[in-house]
Structure formats: structure tokens, C-alpha cells
Amino acid sequence: RITSKGGIKTWDKGPNNQGKLFSCEMIDAEGTELRATFFRDAVDNFYDMLQQDQVFTFSGGQVKMANKQYNTTNNDYEVTFGGHAEVVPVANDASIKKISLNPIPIATLDPSSMTHADILGAVSEFSDIQEFTSKAGRPLSKVDLTIADNSGSSVRVAFWGDKGHQIHEML
């Protein structure tokens, strides 16, 4: 089951090094989370097909060690797919979770030792959408939320780009 899907990203590092990619996170029937990244032709073939909460089977990918800079799953591995990948939609399977969470109290967060964490709390403050320009001249936007939980602590979380706009619309 697809649990989240990011947007298409492109790169151009010269005439022989151009391309595009997108990533998604999925969960299987045993509750194992996995990140998958689709490159070049696989983007054209599967981006529109793969939708959040839908169930698929995948083949033709390459398993590799997870790059924890980009991978927020609790899995040490991830899969990449190129032009030879096969993705087949299958009937919804109610036994496959829609999300897997392992929440921790906000009071125990240690930014120096973790890259991501699941938290459960309530939004206690939120900002308007902030629009600005990066040093490289790209337009950027973000929304800041303060989330508090029953540990008596709170944390500020920034949502960038389209995700920030989506969050702001829900508040």
C-alpha cells in the first residue's frame, strides 16, 4: 500500500547527466515500511498510477542500503526502479495498514541524535503561509506549527512547499 508520494524532482548536471525522480513510501501486509524511488522512464510510467492508499505489486526493482538522509522509514533498505520496473494495481486489501506509527513523547525528542520521529499531539499554534525567495533565487513557502502533547512539551514543525499549503488549508 502506498502511504505517501512525493513530487517529481529533476536534475541537470550536463548533457549526459539529466533526469527526474520521485519517491514514495509503502507498507506491506506484515507492517514493514519501505521507501521506493523511481527514476527517469519509471517516472513517466508510474507517477500518475501510484496513488496514496492504493495497493500494488512491484517487480524489477533494485534493493540497496537506505540513504537515511532522505529515507524516513524504519527500514535499513530501500528499492529503486528504472525503466524495466513492473507495477500492477491489485484489489484493496483491508489487512494492510494505511500507516505505521511508533510515537514517542515530545519531551524525549533529542535533535542531536535523530533524523525523524513519530509524535502524537495537538496543534497549539500555527503561522500563516510564509513566502520568500532562496539565495539561489527560487521561490519558497512554508508553514510553521507548534505541536504539544501530554508530556507537557511542545515542538515547532515546518512544512515546506505544497505540503505547507495543504496543511494550512486543513487548519
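Val63, Met65 and Tyr77 together make a nonpolar surface patch of about 340 Å² in this structure, which is a predicted model. Find Met65 in strand β6, which covers residues 62-65. Met65 counts as exposed because its relative accessibility is 57%.

Now look for charges. Side chains of opposite charge can pair when their charged atoms come close. The structure holds 5 salt bridges. In one of them, the side chains of Lys20 and Asp44 meet, with N and O 2.6 Å apart. Lys20 sits in strand β3 and Asp44 in helix α1, so this pair links parts of the chain 24 residues apart.

Lys64 forms a salt bridge with Glu78, and their closest N and O atoms are 3.7 Å apart. Here strand β6, home of Lys64, is linked to strand β7, home of Glu78. Lys64 is partly exposed at 36% relative accessibility, whereas Glu78 is buried at 5%.

What is the nearest side chain of opposite charge to Arg35? It is Glu78, 4.2 Å away, and Arg35 is buried yet has no salt bridge. A salt bridge needs the nitrogen and the carboxyl oxygen within 4 Å, which is why this pair does not count as one. Arg35, in strand β4, does have polar partners: its side chain makes a polar contact with the side chain of Ser23 at 2.9 Å, and the backbone oxygen of Tyr70 lies 3.0 Å from a polar atom of the Arg35 side chain.

Finally, visit Glu125 and Arg156, whose side chains meet in a salt bridge at 3.9 Å, N to O. Glu125 is in strand β9 and Arg156 in strand β12, so the pair ties together parts 31 residues apart in sequence. Both belong to a network of salt bridges that also includes Lys142 and Asp144.

Notes
Residues numbered from 1 in each chain as written. Predicted model: local features only at pLDDT ≥ 70, side-chain atom pairs only at ≥ 80, totals over all residues. Heavy atoms only, no water. Patch = residues over 30% accessible without salt bridge, like charges linked within 9 Å, V, L, I, M, F, W, Y side chains within 5 Å. Areas by Shrake-Rupley, 256 points an atom, 1.4 Å probe, with all protein chains shown as cover. Helix = DSSP H or I, 4+ residues; strand = E, 2+ residues; numbered from the N terminus. Buried < 20%, exposed > 50% of the residue type's maximum accessible area, 1.4 Å probe, protein only. Lys, Arg positive; Asp, Glu negative; His and termini not counted. Polar contact = N/O pair within 3.5 Å; in protein donor to acceptor, adjacent residues only side chain to side chain.
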